[in-house]
Amino acid sequence: MRAEEYIAFDATALAELVHAGDVSPQALTEAAIKRIEALNPELNAVVERSYAQARSAALQVDAQAPLAGVPFLAKDMNIEVAGLHLTASCRWLAELPQAMVDAPLAARWRAAGLSILGRTNTPEFAGEFVTEPTWRGATRNPWDLGRSPGGSSGGAAAAVASGMVPIAHGTDSGGSIRVPAAACGLVGFKPSRGWVPVGPHLDELAGGLDCEHVLTRSVRDSALMLDLTAGLEPTSRVPLNLPSLKFAAAVSAAVPSLRIGMTLAAPGGMRPNPEIGAAVERAAKHLARAGHQVKEFDFPASANIGEPALMIWLTAIAEEVDFYRGRVGRPAEPHELEALTWAAVALGERSSAVDYVRARRALTAATRDMAEVFKRFDVLVLPTTAELPPRIGQIDGRTAAFDLERWNSDSYGYAPYTEIFNVAGQPAISLPLEMSSAGLPIGVQLAAPLGEDAKLLSLAAWLEREMPWAERLATLRRRYAVD
């Protein structure tokens, strides 16, 4: 399969070619390897390669598996994959051995037939909305190499947008799938809390804020992956029962008239730049013309969860550092952790159990009030980010110049709209509905009540048909030609 053929298809279409016998899993694997090797020196999206393992697996994969032979990359965070290292982009963890067994989610990837080619870059311990770890170096946005692809799943986003792979793993504790999707012009879906297993050593990650899923170019790929990875797993503390309708089927289902709430104001009152705001308003008007009831809404005051959410996920990083101290066999040296990670450790050491429970109660109040919002609306429409992708080095969580208050202001000045849905556990998706005058993607975010992922995917697929983005992404992929 030639490079220009490979990049023309999403994951679902590539699998259909394998099912029909028109292309082999081995050919897909080789096409992806060629593209990774050609583009990665410039983009720095892939930080570990497992080509020999992928080639061997391609010879043995069931050609009728749902995603047989489709090239895939795992983020260097949370999910152990047999034969790969798990370092969280932290040089302190560089000497840890490869995983011997798959985490539950990785086992589901393999059962789906995916060809796992390696790991993608992430900020240290996935702690930022940019992807610039000191150890691994910055990943660059394929739309503008001087800008960030977002974070923390920035390596995954750059890999999918540039056509290295059609689908890649992402994690989302505060927007880390949706923000890079917006930055790179992709579909970024955070499922409801409880659908997809996390682990392996914890029953939940980031105090329950984390969700695992993928970044894709099409809504149907994201829906199919949720079908293939959702389901009960023994360590899940808040599992959801699977719906009778498959998520992939929801993509082609008719969309009933919905009560849609629209806002440009983030929790806390921040508003987006004019181009992003206008894109959200145009999407809302398009939905209204289609017969949906669109009204403005305001976030409840409790949704301004900056301080308690910061407590929960920074202390989660501190606990991760404590956990890995046992695996590494020694504490980290000062130069082995970045400034933000040390700030997390310090917060963990000075905070009490009472402080932590108080923060959890604040998030519970926000969750309760967001559930009340969804008694009035079926879906919310709002920005994914407040600004276009930042320039490399613009947000500093790494160096001696780091200041937590300034970092917090810079980070949430860029992306203030996503974390509330991690807190509430509700599904949310970023769609690349428009482009800015600077030629950068604009993401519009949709959210729905807990467990209503199928409804959200159905509306997202309708918007994809009405306001298509496939050709824009195809043009970008063709820009990165490979002989």
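**Exercise 1. Locate Ala45 and describe its surroundings.**

Solution. Step 1: Ala45 belongs to the loop that joins helix 3 (25-43) to strand 1 (46-49); helices (H or I, at least four residues) and strands (E, at least two) are DSSP runs, numbered from the N terminus. The model is a predicted one, in which local features need pLDDT of at least 70 and side-chain atom pairs count only at pLDDT 80 or more, whereas totals for chains, interfaces and linings use all residues. Residues are numbered from 1 along each chain as its sequence is written, and side-chain values use heavy atoms, with hydrogens and water left out.

Step 2: Ala45 has 0% relative accessibility and therefore counts as buried. Buried means under 20% relative accessible area, exposed over 50%, and partly exposed in between (1.4 Å probe, protein chains only).

Step 3: Not counting residues up to four places away in sequence, Ala45 touches Asn40, Arg119, Thr120, Asn121, Thr139, Gly155, Ala158, Ala159 and Met164; contact means heavy atoms within 4.5 Å.

Step 4: Asn44 is found in the loop between helix 3 and strand 1. Its phi is near 55°, a positive value in a residue other than glycine.

**Exercise 2. Determine which residues of helix 5 are buried and what they pack against.**

Solution. Step 1: In helix 5 (residues 104-111), the buried residues are Leu105, Ala106, Arg108 and Trp109.

Step 2: These residues cover an arc of only 155° around the axis, which puts them on the same side of helix 5. The arc is that of the directions from the helix axis to the C-beta atoms.

Step 3: The packing partners of the buried residues of helix 5 are strand 2 (71-75), strand 3, strand 4 (167-172), strand 6 (211-216) and helix 8 (219-229).

Step 4: Gly113 follows helix 5 and has a positive phi, near 100°.

**Exercise 3. Analyse the span and the two sides of helix 13.**

Solution. Step 1: Helix 13 (residues 353-373) has 21 residues and reaches 30 Å from its first C-alpha to its last, close to the 30 Å expected at 1.5 Å a residue. The expected span is 1.5 Å times one less than the number of residues.

Step 2: Ala359, Leu363, Ala365, Ala366, Met370 and Val373 are the buried residues of helix 13. Viewed down the axis of helix 13, its buried residues fall within an arc of 150°, so they line one face of the helix.

Step 3: On the other side of helix 13, the exposed residues are Ala353, Val354, Arg358, Arg361, Thr364 and Arg368.

Step 4: The buried residues of helix 13 pack against helix 11 (306-328), strand 9 (379-383) and helix 15 (419-424).

**Exercise 4. Identify the members of the largest nonpolar core that touch the most other members.**

Solution. Step 1: A nonpolar core is a set of buried Ala, Val, Leu, Ile, Met, Phe, Trp, Tyr and Cys residues joined through side-chain atoms within 4.5 Å.

Step 2: The largest nonpolar core has 104 residues, of which Trp109, Leu117, Leu186, Val219, Ile429, Leu431 and Leu446 touch the most other members. Apart from this core lies another, of 61 residues, among them Val179, Phe299, Leu340 and Phe377.

Step 3: The residues that Leu446 touches, not counting those up to four places away in sequence, include Val379, Leu380, Val381, Pro427 and Leu463.

**Exercise 5. Characterise the aromatic pairs and the charge over a ring.**

Solution. Step 1: The structure holds eight aromatic pairs. Rings of Phe, Tyr and Trp (its six-membered ring) pair if their centres lie within 6.5 Å; planes under 30 degrees apart count as stacked, over 60 as edge-to-face and the rest as tilted.

Step 2: Phe129 and Tyr412 form an edge-to-face pair, at 5.7 Å centre to centre with 80° between the planes. This pair links distant parts of the chain, 283 residues apart: Phe129 is in the loop between strand 3 (115-120) and helix 6 (154-161), and Tyr412 is in helix 14 (residues 404-414). Both Phe129 and Tyr412 are buried.

Step 3: The ring centres of Phe323 and Tyr324 are 5.1 Å apart and their planes are at 80°, so this pair is edge-to-face. Phe323 counts as partly exposed at 23% relative accessibility, whereas Tyr324 counts as buried at 5%.

Step 4: Phe297, Phe299, Phe377 and Phe421 form one aromatic cluster.

Step 5: Arg136 lies over the face of Trp135, at 3.9 Å from the ring centre; a charge sits over a ring if NZ of Lys or CZ of Arg is within 6 Å of the ring centre and within 35 degrees of the ring normal.
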